[in-house]
Amino acid sequence: MTTQPITFDRFIRWAGTAAIIAIVIYFINELSSVLLPFAIAWLAAYLLYPIVRFVQYRLHVPTRILSILVTLVFVIGVISLVVYLIIPPMIEQFERLGKVVSNYVEHSAALHNIPDMVRDWITQHRMEIEQFCQSDKFLETLRTTIVPNLFSFISQTAGVIISIVASAITILYMFFILLDYEYLTENWIKIFPKKNRPFWNELSGDVKRELNNYIRGQSLVALTMGVLFCIGFTIIDFPMAIGLGILIGIMDLVPYLHTLALIPTAILALMKASDTGQNFWLVFGAAVLVFCVVQVIIDMFVTPKIMGKAMRLNPAILLLSLSVWGSLLGFIGLIIALPLTTILMAYWQRYITKDTRPETTDTIAVTTEDNATNTEERKDE
């Protein structure tokens, strides 16, 4: 391979490209709260489009709108089934834990007469309480503590309302994207000049290929992790073994998000220890041991075998890309880390080192096949 000399013109082009990338990353970070609903909606539309297409053209549902509604009903039904397998058992375990705590407070701590004690204390110290309420110290406490906490509560309530509105906007985004999915995916390239369209066409093909690889690979990793946790928790006779394993598998669709499952695991371990009289640390230690064993299996064998093959990345690069993009772009960065890293490496090889990859032909073939399929479906419609 012959290396081209670095001229001033090439250096300026590289510097300009790097500056544009930095500016794009900056604006994405600044506008993340606005772009996040649209990004989630586009990802959801991308995932649901095969189902919508199957419902419309294979089940012969007459219109796209009705096909989208049927798909949403189906997806909501599946999600409801999963929630039914997880939430009611979790609520039952919390109710049992509440009973255990109540029994401990009443019998072990002997504090069942707390209301009488409080009433007697207030009666005895009524004068002191009145003087304190009329003092400057009480007014200062009210001004510096209670009022800010009240405004904090109001702002949190407003945040919940904004989250509900954002969810509704996300669903609307997804609906309208699915409504004109073919038009959007085929005509977005027309916003660029004709001489630049081949580049962006190749880029979109690479993005589509890497995103497909990532979704298939991460779904298989999450499925494997969920099965392993179900088996491990069943072996140690842990409460909600199957439900907790399913929850951890779903959480792992976003890499390493499943570590948050340690919180309900600790609560369930406390419930089991209180219910059976076992030592809490032994029960929780056994659950943590399952976490460690499954994580070692996933990180040492499953992820390198599946994701490394699907994304063509070394496991160390996988972890580094998650850390870097997660730090730069937050939650969006975790979602797009692996596909974006793979695309950047591919274009570095293609345009900087001039090492063209054989996957380019496959990408063009897949893109051509998809376009032919979409054309045939529109004819059927």
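## A buried aspartate in helix α8

At 2% relative accessibility, D206 counts as buried, since the cut-off for that class is under 20% relative accessible area. This residue of the predicted model has its place in helix α8, and its C-alpha atom is separated by 8.7 Å from that of A346, although D206 and A346 are 140 residues apart along the chain.

## Overall architecture

The secondary structure of the protein chain comes to 14 helices and zero strands, so that, read from the N terminus on, the elements run as α-α-α-α-α-α-α-α-α-α-α-α-α-α. Of the 381 residues in the protein chain, buried residues make up 28%. Among contacts between residues at least 6 apart in sequence, 69% join residues that are at least 24 apart.

The accessible surface of the protein chain comes to about 24500 Å², and 71% of that surface belongs to carbon and sulfur atoms.

## The nonpolar cores

The largest nonpolar core holds 31 residues, of which F229, F233, F238 and I248 touch the most other members. The elements that give two or more residues to this core are α8 (197-235), α9 (241-251), α10 (262-276), α11 (280-311), α12 (315-329) and α13 (331-352), and the element that gives the most is α11, with 10 residues.

For F238, once residues up to four places away in sequence are not counted, the residues touched are F233, L244, T265, L268, A269, K272, V283 and A287. A second core, separate from the one described above, has 13 residues, and A41, Y46, V52 and L211 are included in it.

## A buried serine in helix α3

S67 lies in helix α3, which covers residues 64-108, and with a relative accessible area of 0% this serine is buried, because that value falls under the 20% cut-off. Leaving aside neighbours within four places in sequence, S67 is in contact with V52, V55, Q56 and V61; of these contacts, V52 is also one of the residues in the second core.

## A nonpolar patch on the surface

On the surface, F38, W42, I161, V165, I169, Y173, Y183 and L184 form a nonpolar patch, and together these residues have about 730 Å² of accessible area. The elements that give two or more residues to the patch are α2 (32-57), α6 (136-179) and α7 (181-187), and the largest share, four residues, comes from α6.

V165, one of the patch residues, lies in helix α6. At 44% relative accessibility V165 counts as partly exposed, because that class lies between the cut-off for buried, under 20%, and the cut-off for exposed, over 50%.

## Cysteines and disulfides

A disulfide is a covalent bond between the sulfur atoms of two cysteines. When a pair of cysteine sulfur atoms within 2.5 Å is required, the count for this model comes to zero disulfides.

Two of the cysteines can be described by their accessibility. C230, at 13% relative accessibility, counts as buried because the value is under 20%, whereas C292, at 43% relative accessibility, counts as partly exposed because the value lies between the cut-offs of 20% and 50%.

Technical notes:
Residues numbered from 1 in each chain as written. Predicted model: local features only at pLDDT ≥ 70, side-chain atom pairs only at ≥ 80, totals over all residues. Heavy atoms only, no water. Patch = residues over 30% accessible without salt bridge, like charges linked within 9 Å, V, L, I, M, F, W, Y side chains within 5 Å. Areas by Shrake-Rupley, 256 points an atom, 1.4 Å probe, with all protein chains shown as cover. Salt bridge = Lys/Arg side-chain N within 4 Å of Asp/Glu carboxyl O. Buried < 20%, exposed > 50% of the residue type's maximum accessible area, 1.4 Å probe, protein only. Core = buried A, V, L, I, M, F, W, Y, C linked by side-chain atoms within 4.5 Å. Contact = heavy atoms within 4.5 Å.
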